[in-house]
Amino acid sequence: MSRVWLVIGGMAMATYLTRAPMFLALARRPLPPRVRLWLRLVPLAVLPALAVPLVLVRDGRLALGWANPSLWGAIVVFVLAARGVNLLASVAVAVGVVALLRALG
Amino acid sequence: MTFRDGVVASLALVPSVFVYGTVFGGLAVQAGLTAAQTLGMSVLVFAGASQFVAVPMLAAGAPALAIVITTYVVNMRHYLMAATLAPSFRGFPRRWLALIAHVINDESFAVAVARSRPPDPWVYLGSAAAISGSFVGGVGVGVVLGGLVERPERYGLDFAFPAVFLALVAMQLRRRSDWLVAVGAAVLATALALVLPGNWHIVVAGLVVSALGALVLPAEESA
């Protein structure tokens with residue numbers, strides 16, 4: 001499993017590269033507004049780009065039917081978190097919903 | 001303001017950071033990582049969201065480069081925090097700075113910025129100590145607990161990964177333009193996932209849609 005350690009090392013370097021340069025430069029000038037806006041939008045784009053295909057794509061095909069337990073779980077976690085419910089509580093309820101639907105299905 | 005103030009101001013966050021670590025530790029072990037790998041990742045990378053991203057990719061055998069680049073993109077938000085924190089640390093030895101940079105995290109940033117503008121370096125350091133300690137401690141507990149659960153998919157635990165990502169997005173959606181970016185990225189990523197090999201749809205959709213947003217939206221929305 002040295003492949004996993006290789007990936008961890010790469011992740012550590014990539015992440016340090018997001019933390020150290022600006023910090024060590026002791027930047028006097030703030031970042032330009034467009035760059036700030038872009039950096040603020042990146043997580044807003046990356047997180048749905050990660051999550052939604054995990055829910056909707058099964059074996060290379062769209063699984064949009066209501067028989068997909070993950071779809072219900074996704075709706076539950078999204079609505080709860082958007083209404084200000086604590087992150088872990090929202091996730092726990094959604095995981096419970098998915099487990100229940102799988103047990104019933 | 002002192003180191004102690006930073007620790008105390010972070011205590012309210014300690015339980016949820018600890019549990020977040022526990023959930024990560026448990027899920028990572030179930031996904032096939034060893035205890036050492038799970039703890040090693042948490043200490044060396046120390047960025048929860050990107051670790052949640054990497055574990056299912058590792059389990060699915062995604063290419064190493066895809067995982068590393070995805071990690072980089074998920075963590076690009078650190079540039080903003082590092083730039084805001086940096087001026088407060090003028091006068092600190094550079095060797096320290098290289099270490100302190102590693103513990104930049106969302107929670108401590110929020111605590112330090114909420115207390116004073118510009119943020120106080122010692123409050124920030126106290127908070128970072130409390131947050132990193134509780135995260136890594138939580139992972140340690142999770143590694144032990146995760147080894148006890150068999151067939152995690154029976155309990156829907158595999159769904160915890162997309163659930164964490166969706167919750168993180170939902171909490172950040174404030175403006176109409178935020179929704180536009182999030183929905184646009186979701187649609188593009190899903191379409192790309194059907195045609196692109198590996199997990200490249202994440203990085204491509206994430207970068208393309210956020211860059212389009214930054215070009216098109218009014219720049220004052222950067223706050």
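The radius of gyration is taken over C-alpha atoms, and the rule for a globule is 2.2 Å times the number of residues to the power 0.38. The tour of this predicted model uses that rule at its opening stop.

**Stop 1: chain A.** Select chain A by itself. A compact globule of 105 residues would have a radius of gyration near 13 Å, whereas chain A has 19 Å. Viewed along its principal axes, the C-alpha atoms of chain A fill a box of roughly 60 × 40 × 25 Å. Colouring by secondary structure shows four helices and two strands. From the N terminus on, these elements follow the order α-α-β-β-α-α. Of the 105 residues in chain A, 46% are buried.

**Stop 2: chain B.** Hide chain A and display chain B. Twelve helices and zero strands appear here. The radius of gyration of chain B is 18 Å, which agrees with the value near 17 Å for a compact globule of 223 residues. Its C-alpha atoms fill a box of roughly 50 × 50 × 30 Å along the principal axes. Buried residues account for 52% of the 223 residues in chain B. Among contacts in chain B with a separation of 6 or more, 74% join residues 24 or more positions apart.

**Stop 3: the interface.** Show both chains together. In this view, 70 residues of chain A are in contact with 82 residues of chain B. On the side of chain A that touches chain B, at least two residues each are supplied by helix H1 (2-24), H2, helix H3 (69-82) and helix H4 (87-104). Which helix gives the largest share of that side? It is H2(A), with 23 residues. By residue class, the side of chain A that touches chain B holds 54 nonpolar, nine polar and seven charged residues.

**Stop 4: H2(A) against H11(B).** Select residues 33-56 of chain A, helix H2, and residues 176-193 of chain B, helix H11; the two pack at an angle of about 45°, with their axes 7 Å apart. That angle makes H2(A) oblique to H11(B). The crossing of H2(A) past H11(B) is right-handed.

Now display the side chains of the contact:

- From H2(A): A:Leu41, A:Leu44, A:Ala45, A:Pro48, A:Ala49, A:Val52, A:Pro53 and A:Leu56.
- From H11(B): B:Asp178, B:Val181, B:Ala182, B:Ala185, B:Ala186, B:Ala189, B:Thr190 and B:Ala193.

Colour this selection by residue class to finish. The contact of H2(A) with H11(B) comprises 14 nonpolar residues, one polar and one charged.

Technical notes:
Residues are numbered from 1 along each chain as its sequence is written. Chains are lettered from A and ligands numbered from 1 in the order in which they are written. This is a predicted model: local features need pLDDT of at least 70, side-chain atom pairs count only at pLDDT 80 or more; totals for chains, interfaces and linings use all residues. Axes are lines fitted to C-alpha atoms, for helices over the stretch in contact, and angles run from 0 to 180 degrees between N-to-C directions. Angles under 35 degrees count as roughly parallel, over 145 as roughly antiparallel, 65 to 115 as roughly perpendicular and the rest as oblique. A crossing is left-handed if the near helix is turned anticlockwise from the far one by less than a right angle, and right-handed if clockwise. Two residues are in contact if their C-beta atoms, placed from the backbone, lie within 7 Å. Ala, Val, Leu, Ile, Met, Phe, Trp, Tyr, Cys and Pro count as nonpolar, Asp, Glu, Lys and Arg as charged, and the others, Gly among them, as polar. A residue is buried if 20 or more other C-beta atoms lie within 10 Å of its own, exposed if 12 or fewer, and partly exposed in between; C-beta atoms are placed from the backbone.
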